[in-house]
Amino acid sequence: MMKHILLPTDFSDNAWSAIVYALKLYRQTECKFYILHSTQMKTSTMSNISNKLMEIVSQDAFKELKETQDMAQAVNANANHDFEIILNSNDLKDAIESSIDKYRIDLVVMGTKGATGAKEFFFGSNTVRVIKKIKGCPVLIVPDEFDFVEPKQIAFPTDYSRVYDYKELDSLRDLAELYNSKIMPVCILSKDKLNGIQEFNMSKLESHLRDYSTSFHFMPKYAKKTEEINDFIELLGVDMLAMVNYKHSFIETIVKEPVIKKIGFHPLVPFLVIPR
């Protein structure tokens with residue numbers, strides 16, 4: 001079945017890096033890629049801009065979108081891949097949401113930050129808004145200048161505090177199927193062992209992943225979760241990180257301003273955010 005992949009871009013190197021990663025990730029899969037750009041400006045800027053100038057901005061953006069499409073086709077040269085460009089005047093979050101509905105998008109792939117993203121922060125403000133607001137589709141966030149490697153091992157941090165629905169893990173299983181990847185649930189233990197509820201939730205997760213290669217891991221609590229997750233990634237040679245974004249989850253914690261500035265979560269590998 002053809003996959004529909006949305007690729008938001010602000011024409012930065014970071015956005016282009018994410019596009020290239022997506023093309024390589026799905027090189028063996030029939031896909032339609034939608035390259036999206038939002039032209040909305042800040043209200044303060046809008047009040048000082050004429051309709052004629054807005055038209056010029058849109059024309060320039062459309063030209064850059066077309067050039068991005070041409071570049072993608074040139075580096076890709078894959079007969080299984082089609083491309084379409086989308087120019088949207090809404091803000092990025094709304095532009096992504098409407099595109100997900102209209103084009104039946106299976107996955108959004110984007111960079112960590114745009115052209116104006118501060119170097120000291122891993123997530124730019126647009127990325128944070130998308131993670132917080134997009135509920136209808138998984139989002140794959142690609143670190144800047146990340147060189148593609150086949151995601152043979154996918155880390156799935158969990159504290160087993162809640163039970164996962166079978167369907168909400170569809171995007172994780174789909175990605176695992178691309179390269180016959182091993183899914184690696186990892187739990188950072190705050191106590192010596194799991195309680196009864198955690199054991200039940202773990203057994204349900206094992207059931208949901210029974211047809212896939214898995215290995216279950218436990219780590220003692222010795223540092224911040226962000227540090228432990230990156231240690232796990234480095235020690236075991238993990239190629240991708242996946243988490244479910246539910247209420248009071250670790251993801252919700254790291255994208256809350258200004259906490260994100262204090263935590264400084266810098267995943268070393270592409271990060272799949274699965275909506276609840």
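1. Helices and strands come up at once here: the protein chain has 10 helices and 10 strands. Keep in mind while browsing that this is a predicted model.

2. On to how the chain is packed. Of the 276 residues in the protein chain, 51% are buried. The accessible surface adds up to about 14,000 Å², and carbon and sulfur atoms account for 49% of that surface.

3. Have a look at the contacts too. Take those between residues at least 6 apart in sequence: 80% of them join residues at least 24 apart.

4. If you want one residue to zoom in on, try Ser171. You'll find Ser171 in helix α6, which runs over residues 170–178. Is Ser171 buried or exposed? Its relative accessible area is 14%, and buried means under 20%, so Ser171 counts as buried.

5. Which residues does Ser171 touch, once those up to four places away in sequence are set aside? The answer is Pro138, Leu272 and Ile274.

6. A word on the cysteines. Cys137 has a relative accessibility of 1%, and Cys187 is also listed at 1%. With the cut-off for buried at under 20%, Cys137 is therefore buried, and Cys187 is buried by that cut-off as well.

7. How many disulfides turn up in a search of the whole structure? The search finds 0, so don't spend time hunting for one.

Definitions and conventions. Residues numbered from 1 in each chain as written. Predicted model: local features only at pLDDT ≥ 70, side-chain atom pairs only at ≥ 80, totals over all residues. Heavy atoms only, no water. Helix = DSSP H or I, 4+ residues; strand = E, 2+ residues; numbered from the N terminus. Buried < 20%, exposed > 50% of the residue type's maximum accessible area, 1.4 Å probe, protein only. Contact = heavy atoms within 4.5 Å. Areas by Shrake-Rupley, 256 points an atom, 1.4 Å probe, with all protein chains shown as cover. Disulfide = S-S within 2.5 Å.
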